[in-house]
Amino acid sequence: MSSAFYRLDHVRGRLKLGALEIPVPKSRAGRIVVGSAFIGGGALGFLPILGFWMVPVGLLVLSHDLPGVRKRRRRATVWWSRRKNGTRPERQTPSEPGQSERPVD
C-alpha cells in the first residue's frame, strides 16, 4: 500500500481513501474525537448501520495525531506491503559470543 492510497489533507480537512474523500475536522482535538467515535462505533459493529469497518478508519484518523498509533499503522503498512509483494526483510545472523566484529590480523 502506498501513502498515496490514503492520506489526510490538512489544508482541505479531508481524509482520502483511494477515490473516496471523507471530511474530517481540521483541529487536532476534533480529529481525536472523530477517530475515537469511529473506533467506539466499530466496537458496536454488530448493530445495524454501524460496522466493524469503522475501527480501521478510526485508527487511520487517530494515526495522524497520536505517535503511538502512527507507529503501529506504519508497521502494519510495511507488513502488509511485504506480505502482498512476497518479500521478507533480510535478517542478520547474530554473532557467536566471544567472536569480535573485527577481522583478526
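**Exercise 1. Determine what covers the buried residues of helix 1, and on which side of the helix they lie.**

Step 1. The cover of the buried residues of helix 1 includes strand 1 and helix 2. Contact here means heavy atoms within 4.5 Å, and buried means under 20% relative accessible area, exposed over 50%, partly exposed in between (1.4 Å probe, protein chains only). Helices (H or I, at least four residues) and strands (E, at least two) are DSSP runs, numbered from the N terminus.

Step 2. The structure is a predicted model, in which local features need pLDDT of at least 70 and side-chain atom pairs count only at pLDDT 80 or more, while totals for chains, interfaces and linings use all residues. Residues are numbered from 1 along each chain as its sequence is written, and side-chain values use heavy atoms, with hydrogens and water left out.

Step 3. The buried residues of helix 1 are Gly 30, Arg 31, Gly 35, Phe 38, Gly 41 and Gly 42. They lie on the same side of helix 1, because they cover an arc of only 130 degrees around the axis; the arc is that of the directions from the helix axis to the C-beta atoms.

Step 4. On the face turned away from this buried side, helix 1 carries the exposed residues Ala 29, Val 33 and Ala 43.

**Exercise 2. Check the length of helix 1 against its expected span.**

Step 1. The expected span is 1.5 Å times one less than the number of residues. For the 16 residues of helix 1 this gives 22 Å.

Step 2. The end C-alpha atoms of helix 1 are 23 Å apart, which agrees.

**Exercise 3. Describe the sheet: its strand order, its edges and its pairing.**

Step 1. An open sheet is formed by 3 strands in the order 1-2-3, with antiparallel pairing. Two strands pair if DSSP finds at least two bridges between them.

Step 2. Strand 1 and strand 3 (20–23) are the edge strands, since each pairs on one side only.

Step 3. Strands 1 and 2 are joined by 4 bridges in the antiparallel sense, with Arg 7 opposite Lys 16 in strand 2. Their hairpin has 4 residues between the strands, and Gly 13 there takes a positive phi near 70 degrees.

Step 4. Strands 2 and 3 also pair in the antiparallel sense, over 4 bridges, and Leu 17 stands opposite Leu 20 in strand 3.

**Exercise 4. Locate Leu 15 and state whether it is buried or exposed.**

Step 1. Leu 15 belongs to strand 2. With a relative accessible area of 1%, Leu 15 is buried.

Step 2. Leaving aside neighbours within four places in sequence, the contacts of Leu 15 include Val 57, Leu 60 and Val 61.

Step 3. Those three are among the buried residues of helix 2 (residues 54–62). The cover of that buried set includes strand 1 (6–9), strand 2 (14–17), helix 1 (28–43) and helix 3 (67–85).

**Exercise 5. Find the polar contacts of the buried residues Asp 65 and Thr 77.**

Step 1. A polar contact is a pair of N or O atoms within 3.5 Å; within protein, one must be able to donate a hydrogen and the other to accept it, and residues adjacent in sequence count only if both atoms are side-chain atoms.

Step 2. Asp 65 sits in the loop between helix 2 and helix 3 and counts as buried at 8% relative accessibility. Its side chain makes a polar contact of 2.8 Å with the side chain of Arg 31.

Step 3. Thr 77, in helix 3, is buried with a relative accessible area of 18%. The side chain of Thr 77 reaches the backbone oxygen of Arg 73 at 2.8 Å.
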